[in-house]
Amino acid sequence: MTYIQQLGESAKNAQGQLLTVKTARKNAALELIAKKLIENAELIKTENAKDIKNARENNMTESFIDRLTLTDARIEGMAEGVRQVTALPDPIGEVLGGGDISNGLSIVKKRVPLGVIGIIFESRPNVTVDAAALCLKSSNVCILRGGSDAINSNKCLVGIMRSALSECDIIEDAINLVEDTSREVASEMMTLREYIDVLIPRGGIGLINAVVDNSTIPVIETGAGNCHVYVDAFADINMAVEIVDNAKTQRPSVCNAIETVIVHKNIADEFYPALEKKWKDKEPKVTVIPDGTATDDDYAKEFLDYTIAAKTVKSINDAITHINRFGTRHSECIVTTDFARANKFQNEVDAAAVYVNASTRFTDGFVFGLGAEIGITTQKLHARGPMGLKELTTYKYLINGNGQIRE
């Protein structure tokens, strides 16, 4: 039996035990995880510093290093996410429907966990905690496979969480880390249908496509975010500038940051100079690829950095067409004072989250009140948008009779 098969078998065995753990004990473990994250902040930062050092030696970009870095504030943010998950109602066991049918059978539709969830993600150590907390609360066992760039951080975080499980008399194998980060092991993980019920990739389009193309396990896609702000002909210029600035520069390395600004031609002569003034002295400098220079490849690219493409359009229909062609169905925004045009945009743009007069940066499970998030899914089946507890469940039917047979 290979390394990843052994991990899968341990996870499958743990799933049966986790199903018997009541809400109070799961919550106690989550509370202890949050506490231990804060208590071990210095250890976490020490291990994280090793990953950052390696990243700099490998000449990784600053946006990559930003995604990798754990500060006191980010550790507190992870702990707060866990606390929020603790406070949420436990979805497991919720009755979704049912009733008695004519032959006397009683049918109940009940919410249950997905089972063993494999999560393949890139160098964002906070995902390790978010995913584990959500899986634990929803009675799912997780197998976490982060990138090699964050291996020291992830080993530290998982060790802390497994110790909390042990102290709360919950099997440690409810949370598992793939410590062998080779591509061979990742490829084998994508074929473990005997042990893993669903795979969730979280990262760039390359990672997501690799999992979708190679997995024999059902996949829920998350992560890729080619997002846009459309500045309508009836936009408030100052509002539009602030929203575009926030959506691009507040944290450009994340999936809900925008990659293209689309501007109606009737307002372009006012908007572009105003945006240029806003970014004139900004550091790091924002590189704008202007309309006429930007190519289809630019419009399709998730820069994840201080680069943005610009597109000038003749109508709102052109803006919607552009977004539906190049967007990844993640988060899109219109800035306008016209209600009818806002309504049209929200109805016709194909995305998980469609904003009017607000930054796309709000697409986040924490912000939406879901606690942490397992990711933001851009597909339409099984879940869409930020994935919280309920999105990590399915259902089954419980049927009770008194001797009925079908004729």
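**Reading the strands and helices**

Biologist: Which residue is the bridge partner of Cys142 in S5?

Modeller: Ile175 is the partner of Cys142. Please keep in mind that this is a predicted model, where local features need pLDDT of at least 70 and side-chain atom pairs count only at pLDDT 80 or more, while totals for chains, interfaces and linings use all residues. Residues are numbered from 1 along each chain as its sequence is written, and side-chain values use heavy atoms, with hydrogens and water left out.

Biologist: What makes strand S4 and S5 a pair?

Modeller: Pairing requires DSSP to find at least two bridges between two strands. Three bridges join S4 (residues 141-145) to S5, and the two run parallel, so they qualify as a pair. The names come from DSSP runs numbered from the N terminus: at least four residues of H or I for a helix, at least two of E for a strand.

Biologist: Which strands does helix H7 touch?

Modeller: H7 (residues 151-167) packs on the sheet against strand S3 (116-121), S4 and S5. Touching here is contact, meaning heavy atoms within 4.5 Å. The direction of H7 makes about 155° with that of S5. Such angles run from 0 to 180 degrees between N-to-C directions, with axes fitted as lines to C-alpha atoms, for helices over the stretch in contact.

Biologist: What is the strand order in the open sheet of four strands, and why are S5 and strand S6 at its edges?

Modeller: The order is S5-S4-S3-S6, with parallel pairing. S5 (175-177) and S6 (198-202) each have a single partner strand, so one side of each lacks a neighbour in the sheet. From one strand to the next, the twist averages 20°.

Biologist: Why are helix H2 and H7 called oblique?

Modeller: H2 (residues 23-39) packs with H7 at about 140°, their axes 9 Å apart. Angles under 35 degrees count as roughly parallel, over 145 as roughly antiparallel, 65 to 115 as roughly perpendicular, and the rest as oblique. The pair is therefore oblique. H2 passes H7 in a right-handed crossing; that term means the near helix is turned clockwise from the far one by less than a right angle, and anticlockwise would be left-handed.

Biologist: What residues meet there?

Modeller: Among them, Ala29, Leu32 and Lys36 of H2 meet residues of H7 including Leu157, Met161 and Glu167. By class, this contact has nine nonpolar, one polar and two charged residues. Nonpolar covers Ala, Val, Leu, Ile, Met, Phe, Trp, Tyr, Cys and Pro; charged covers Asp, Glu, Lys and Arg; the others, Gly among them, are polar.

Biologist: What makes helix H13 and H14 roughly parallel?

Modeller: Their axes come within 11 Å and cross at roughly 25°, so the verdict is roughly parallel. The contact involves Ile316, Asn317, Ile320, Ile323 and Asn324 of H13, with Arg341, Lys344, Phe345 and Glu348 of H14. These residues divide into four nonpolar, two polar and three charged.

Biologist: How many bridges join strand S1 to strand S2, and in which sense do they run?

Modeller: Five bridges join S1 (residues 95-100) to S2 (residues 106-113), and the strands run antiparallel. Gly97 stands opposite Lys109 in S2. Lys109 also has a bridge partner in S15, namely Tyr397. S2 pairs with S15 (residues 393-400) over eight bridges in the antiparallel sense.
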